[in-house]
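Q: Please take a close look at a single part of this structure and describe it for a first-year student. I should also like to see how that part relates to its surroundings.

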Amino acid sequence: MNRTTLSLIAGVTALAAVTGFAAVSSPDAGATDEPARAAAHLPVERTSLLCPQPSTSDLAETTYTSFTPVTEGTKNEGKAELRPAAEVSEPDGKGDEEAGGEGEKGDEEAGDGEEKDGESGKDGKDGRGGEDVLKPGEPGKPVTGDTSGGEAPALIGTAEGRFAPGWTVQQTTEVAAGTGRGLHGVACTPADTEFWFPGASTGEDRTDYVHLTNPDDSAAVVDVELYGKDGALKTTVGEGITVRPHSAEPVLLSTLTEEKQTDVTVHVVVRSGRVGAAVQALDDKLGGDWLPASADPSGSLVLPGIPEDATAVRLVAFTPRDADADLTVRLASPSGLITPAGHETLHVKGGMTAAVDLGDITRGEPGSLVLTAPDGSVPVVAAVRVLRGEGEKQESAFIPAARPVGDRATAVDNTAKGTTLAVTAPEGTAEVKVTASAGTKGGTPASKTYTVKSGTTQNIEVPAPSGVKGTYALTVEPEAGTPVYASRTLAATEGGVPFFTVQPLPDDRGTVAVPEAREDLSVLL
């Protein structure tokens, strides 16, 4: 029994250090008067990221950017790679049957390192027989790769050793014209088993897909649930969707239900396995962008970084509980928390999606929405759709409720003129260190510490790397103890249309908490 106990503790501790997704606690912590010892934060040793298929448009131009922050305590060795998923089904509902058999064959051929049309091997080709899309570089220096057209596949990435702590990959696609034209940005994310996407739509003007990517050796089985203004939408094929090993499946939401609704909450639940999930929202008139998953349901939410020149903001919220919630709506402005006149609260009925137009709520200043349920008793998920521009030259992007920055957050693909970093501290004044890395083509890193006052949102004047060439990475490191939320906006003007995309900045999972042992168990061997 003693040997089993020792092996279990050692195994769990190793798992935490490798994955970065677990914190380990000693059993029977409350059975002793000895004060709990603080957990040590160690660099993760292995991590994985999933990037969805960027676009089906022939006009799409996609840039991938990879970056690992320099983290103390890492080993000298390691590697990182981004490989195409074995096969990406065409987004027309064909899926498993027509692709059957070829997915397994493609995976085996990829393992052999042989390059085939629409596939690639371990050498990281772009999946269409072209040059390498991306070879992650040394920690501390971002690396980019490009691809074009509508055939670029989803990517499955892994990083080990010194490349793992905080590994961040951004996928940014520009679509010049057509449905969903604009700038589509998404941070590649780890796999999980549950996701919430308030802000999706099955309306006439929208073409929304939920992209599912399976990184594992066995098939994943996924349910996609849709909730509208009156509750759950009747779906025909949303249950038991199979995503084959090492493959991706884009699911068109309008094929899951006959109901056309402007505001829909998508709930992705994985029955077996795990997947990466993201919603791509494409509008016939208002452009498009990726809708990242909301933070987990909570009685208090923060949606950081609404642009100062937003012309319209639409808030969408949902509670999975049977109970209703009257959300208090506040805006964290540069001068403090304010209550928008006429939009003091939002009533959210249990199991139903609620939405409200907030207009140009920021009124020329950056801001973040802070939503609170009474006593935090009813958990809620939320997102906003933001418009910039006027008339026929409007563009849309989405900001979901975000997780806190935590120890450190990382954003890549930044430029000197097109990047805005917004930071908000809704619960107390915070000191935040921001570091700009060297550029992809040269330069010297630069750091600066900023004070963000309690209840405010501040657009940070990013420290410019000396002699920077190309794009660069930003890391955000708050002082311990005060929750900080952040987002990064990329913007460019094309033909008078203000293209933009916003990514929230959660913790980059660079370290994992591993508790100190209470006693030396080696004597039991």
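A: A salt bridge is a side-chain nitrogen of Lys or Arg within 4 Å of a carboxyl oxygen of Asp or Glu. For charge, Lys and Arg count as positive and Asp and Glu as negative, while His and the chain ends are not counted. A residue is called buried if its relative accessible area is under 20%, exposed if over 50%, and partly exposed in between (1.4 Å probe, protein chains only).

The model is a predicted one, in which local features need pLDDT of at least 70 and side-chain atom pairs count only at pLDDT 80 or more, whereas totals for chains, interfaces and linings use all residues. Residues are numbered from 1 along each chain as its sequence is written, and side-chain values use heavy atoms, with hydrogens and water left out.

The part chosen is aspartate 283, which belongs to strand β16 (residues 276-283). Helices (H or I, at least four residues) and strands (E, at least two) are DSSP runs, numbered from the N terminus. Aspartate 283 is buried but forms no salt bridge. Its nearest side chain of opposite charge is that of arginine 385, at a distance of 4.2 Å. A polar contact is a pair of N or O atoms within 3.5 Å; within protein, one must be able to donate a hydrogen and the other to accept it, and residues adjacent in sequence count only if both atoms are side-chain atoms. The side chain of aspartate 283 comes to 2.8 Å from the backbone nitrogen of lysine 285. Contact, by comparison, means heavy atoms within 4.5 Å. Residues up to four places away in sequence aside, aspartate 283 touches Thr179, Gly180, Asp205, Arg206 and Arg385.

Further along the chain, alanine 293 lies in the loop between β17 (287-291) and β18 (300-306). Alanine 293 counts as partly exposed because its relative accessibility is 24%. Its C-alpha is 6.7 Å from that of proline 400, although the two are 107 residues apart in sequence. Pro400 is also among the residues that alanine 293 touches, as are Phe195 and Trp196.

Arginine 403 occupies another loop, between β26 (395-400) and β27 (409-414). With 40% relative accessibility, arginine 403 therefore counts as partly exposed. Among its contacts beyond four places in sequence are Ser294, Ala295 and Asp296. Arginine 403 and proline 504 are 101 residues apart in sequence, with their C-alpha atoms 8.0 Å apart. Proline 504 is one of the residues of strand β34 (residues 497-504), of which eight of eight are buried.

Attention may now turn to the nonpolar interior. A nonpolar core is a set of buried Ala, Val, Leu, Ile, Met, Phe, Trp, Tyr and Cys residues joined through side-chain atoms within 4.5 Å. In soluble globular proteins, nonpolar side chains tend to be buried together. The largest nonpolar core here has 30 residues, and Leu303 and Val384 are among those touching the most other members. Strand β20 (residues 325-333) contributes the most to this core, with four residues. The contacts of leucine 303 include Val384, Pro400 and Ala401. Another core, of 26 residues, lies apart from the largest one and includes Leu212 and Val279.

Across the protein as a whole, there are three helices and 35 strands. Of its 525 residues, 54% count as buried. Among contacts with a separation of 6 or more, 80% join residues 24 or more positions apart.
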